[in-house]
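Subject: The structure I promised you

Hi there,

Here is the structure we talked about, ready for you to open. Have a look at it first, and then read on for what turned up.

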Amino acid sequence: MTTTTKTRRPAKKAAAPRKSIEEKKAQAAALHESIATQVEALRDSDRWTAFLAFASAFHAYSLNNVLLILSQRPDAERVAGFRKWQGLGRQVRKGEKAVRIFGYSTKKVTEEDENGESQEKRVARFPILSVFDIAQTDLVDGATDPSIVEDLTGADGYGIVDALSAYLDGEGWTTSHQDLSGGRNGYSDPEGRRVVIGTHLSPEHAAKTMIHETAHVLMGHVDDLAEYAEHRGLMETEAESVAYVVAGLVGFDTSAYSVGYVAGWADADVELIRSTAARVLATAHQIAAVLDPEDDDTDEDAAN
């Protein structure tokens, strides 16, 4: 006689109850406020002091030069000349393509006036200079980097890249994955209407970057390059804030990267960060609805 022993299957874990639209809105608002709180804490830390000392070494470029930089390298963050980078403890990698900008200098010349008398005057010159972005450099041995961001390492991408790629495709944009040199994470190309995500990123960081770039598209940041160049700090603050809020709604924490990123672009201006709440939250809910379409249904039911 054969005895059959039944194997008891473990009970399925009960799914967490779905949050209402009101609960998700409250959670999103709390997440956005937490960015300001964390930036405020960072502002009082030694890490921020070190970062400011590093940032103060960089020249403030004219709007025309910023446009030139972005047209050649859309995700450039900090640029400097070859020797300047060496002085900051970084070496430009061999083979990196320089970004061309206009310099400014004056030259003293002597000319004769209408009376035949010699007069000295200065003539403006605009030589072509070569600069490199920080992503094109590496730390030299023994040097330290005052970074205020840490890459995300999680192995779960939560289906975000595929979902937002499909959404952007419907809006006339394409998404591609490329081996971006120098640690670049991603960028939006308005001329080609494409979003590019780096293949070197962990699934979690790729998901955050995809939200960030989608936010740029939805918020109109990439519609006018000159406008973006002039208000880049605000627009990067908004896009990364959206990424942080949406990630929090999905269920993962990007603060290790997002807080420092926002602090850097907002110059740790907590009131500036808070002033973006309406636009950030509206865009965050729009993206969250793409990732969880049932939210749209709930909204429609509540309105009827």
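A word on terms before we start: helices (H or I, at least four residues) and strands (E, at least two) are DSSP runs, numbered from the N terminus. Please keep in mind that this is a predicted model.

First, the overall picture. The chain has 304 residues, and 40% of them count as buried. Its secondary structure comes to 12 helices and 10 strands. Of the contacts between residues at least 6 apart in sequence, 69% join residues at least 24 apart.

A good place to begin is Ile-197, which you will find in strand S10 (residues 194-198). Is Ile-197 buried or exposed? With a relative accessible area of 0%, Ile-197 is buried, since the cut-off for that is under 20%. Leaving aside residues up to four places away in sequence, its contacts include Thr-175, Ser-176, His-177, Gln-178 and Leu-180, as well as Ala-206, Thr-209, Met-210 and Glu-213. Glu-213 sits 16 residues away from Ile-197 along the chain, and their C-alpha atoms are separated by 8.9 Å.

Thr-209 takes us into helix H6. Thr-209 is buried as well, at a relative accessible area of 4%. Apart from residues up to four places away in sequence, Thr-209 touches Asn-185, Gly-186, Ile-197 and Leu-201.

H6 itself covers residues 203-218. At 1.5 Å a residue, its 16 residues should span 22 Å, and the end C-alpha atoms are indeed 22 Å apart. Because 14 of those 16 residues are buried, H6 is largely enclosed by the rest of the structure. After H6 comes Gly-220, with a positive phi near 75°.

Now for the helix packing, where H8 (residues 232-250) meets H1 (residues 21-43), H11 (residues 277-291) and H6.

H6 and H8: the two axes come within 8 Å and cross at roughly 130°. These helices are therefore oblique to each other, and the crossing is right-handed. On the H6 side the contact is made by Lys-208, Ile-211, His-212, Ala-215 and His-216, which meet H8 residues including Met-235, Glu-236, Ala-239 and Ala-243. By class, this contact has eight nonpolar, two polar and three charged residues.

H1 and H8: here the angle is about 130°, with the axes 9 Å apart. H1 and H8 are therefore oblique to each other, in a right-handed crossing. From H8, Ser-241, Tyr-244, Val-245, Gly-248 and Leu-249 take part, and among their partners in H1 are Lys-24, Ala-28, Leu-31 and Ile-35. The classes in the contact of H1 with H8 are six nonpolar, six polar and one charged.

H8 and H11: the angle is about 45° and the axes lie 9 Å apart. This pair is therefore oblique too, and the crossing is right-handed. Residues of H8 such as Glu-238, Val-242, Val-246 and Val-250 meet H11 residues including Arg-279, Val-280, Ala-284, Ile-287 and Leu-291. In the contact of H8 with H11 there are 11 nonpolar, two polar and two charged residues.

If you want a route through the model, start at Ile-197 in S10, step across to Thr-209 in H6, and then follow H6 to where it crosses H8.

Enjoy exploring!

Best wishes

Technical notes
Residues numbered from 1 in each chain as written. Predicted model: local features only at pLDDT ≥ 70, side-chain atom pairs only at ≥ 80, totals over all residues. Heavy atoms only, no water. Expected span 1.5 Å × (residues − 1). Buried < 20%, exposed > 50% of the residue type's maximum accessible area, 1.4 Å probe, protein only. Axes fitted to C-alpha atoms, helices over the stretch in contact; angles between N-to-C directions. Parallel < 35°, antiparallel > 145°, perpendicular 65-115°, else oblique. Left-handed = near helix turned anticlockwise from the far one by under 90°. Contact = heavy atoms within 4.5 Å. Nonpolar A, V, L, I, M, F, W, Y, C, P; charged D, E, K, R; others polar.
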